[in-house]
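User: I have a model open and want to talk through how its parts fit together. Can we go step by step?

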Amino acid sequence: MPLVVLKSSRLTWVRLAALVFTCVAFSVAAHGGAVSGGMYDWSIFCWAFSFAGTLLVLVVELMGLQSRAPVSWNNFPITFACYASLLCLSASIIFPLYFLKGETRRDEARDHRIASSVFSCLATVAYFVEVSLTRAQPGEVAGYMATVPGLLKVCETFVASVIFAFVSNPVSYDGHPALKWCMAVYCICFVISTAIVVMCVGECTGFLPFPFARFLSAYALLAVAMYLTATIIWPIFKFDSRHSGTSSRPDFCQYSHGLCWWDKLVAVAVLTALNFLIYLADLVYSARLVFVTA
């Protein structure tokens, strides 16, 4: 009877740890958390998606099926690990913010929520360790997604996704044409960055009618310029009283559950500036990066 032997390595143990941590996080929350709603569904999705993807990666590598995978195995595992780390990080912030903040009762449901939050944080650390172990080292030939610009692409798309969540509930970009421009910036850059990630993971970059490296540099420069305008425009039209903005946090926000509408506006401003810095770093690295698409 053939035996399958799982080679022991730091990377394997880190993935197994992430598998266990995410499994415990969503199992405990679903079993005894006694919560519901959109933020609960999002947290469960983050943990369950990360668990399923990690299990898939472990099974493929355990069975030696990397060459048969319909994606680039030089790019897929680290891309997934980076997304999983950001998803678990968001769940580690959102879940306690919405379901533990201000909770004074000491009961079994509260203990389950605390346990889920702790294991979510542990999963986040595990995925960050996996990314650090699998990213390309200086002088190493690797897939694009294992390089710093590739990992930054993942961060760019994830931050944009969070921005979309904040500006759509409630809708906060339809009050002025300048705000619609900000929304256009978020959408255009998100679509292009996502397309780059998909092309790299799907090994489709060779079908482009122009050099991929030059396209990356040109796009990074364009994205920096666009995000710079959004970084300036959004605070002006949301927090400057001369443009019908609100410069101070309303008093009723302290009684709101989770984030009130003003908090979300601040979050969008901060995330826009953060994405601008990420695109700026992407531009710097893309300009000097020499890589081989595997």
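The questions below deal with the domains, their interface and a few side-chain pairs.

User: What domains is the protein divided into?
Analyst: This is a predicted model. The bounds come from an automatic or database domain assignment. The protein splits into domain 1 (1-138) and domain 2 (147-293).

User: How far apart do the C-alpha centres of domain 1 and domain 2 lie?
Analyst: Each domain is taken by its C-alpha centre. The distance between the centres of domain 1 and domain 2 is 25 Å.

User: How much area do domain 1 and domain 2 bury between them?
Analyst: The two domains touch: 17 residues of domain 1 are in contact with 13 residues of domain 2. Of the area they bury, 73% is on carbon and sulfur atoms. The total is about 1,400 Å².

User: Which three residues of domain 1 supply more of its area buried against domain 2 than any other three?
Analyst: Together the three account for 37% of the area that domain 1 buries against domain 2. They are Tyr83, Leu86 and Tyr98.

User: Which helix gives the largest share of the side of domain 1 that touches domain 2?
Analyst: That side divides into 11 nonpolar, 4 polar and 2 charged residues. One helix, spanning residues 76-99, contributes 10 residues to it. The answer is helix H3.

User: How many salt bridges are there between domain 1 and domain 2?
Analyst: Polar contacts do cross the interface, with 3 residue pairs found, both residues at pLDDT 80 or more. For salt bridges between domain 1 and domain 2 the count is 0.

User: Which residue forms a salt bridge with Glu61?
Analyst: The model has 3 salt bridges by the rule used. In the one with Glu61, the closest N and O atoms are 2.8 Å apart. The pair links distant parts of the chain, 46 residues apart, with Glu61 in helix H2 and its partner in helix H1 (residues 10-32). That partner is Arg15.

User: Why is the ring pair of Phe49 and Phe80 tilted?
Analyst: The model holds 19 aromatic pairs by the rule used. Phe49 sits in helix H2 (residues 38-63) and Phe80 in helix H3, 31 residues apart in the chain. Their ring centres are 5.7 Å apart. Planes under 30 degrees apart would count as stacked and over 60 as edge-to-face, so the pair is tilted because its planes lie at 50°.

Methods
Residues numbered from 1 in each chain as written. Predicted model: local features only at pLDDT ≥ 70, side-chain atom pairs only at ≥ 80, totals over all residues. Heavy atoms only, no water. Contact = heavy atoms within 4.5 Å. Buried area = accessible area lost by both parts, 1.4 Å probe. Salt bridge = Lys/Arg side-chain N within 4 Å of Asp/Glu carboxyl O. Polar contact = N/O pair within 3.5 Å; in protein donor to acceptor, adjacent residues only side chain to side chain. Helix = DSSP H or I, 4+ residues; strand = E, 2+ residues; numbered from the N terminus. Nonpolar A, V, L, I, M, F, W, Y, C, P; charged D, E, K, R; others polar. Phe/Tyr/Trp six-rings, centres within 6.5 Å; stacked < 30°, edge-to-face > 60°.
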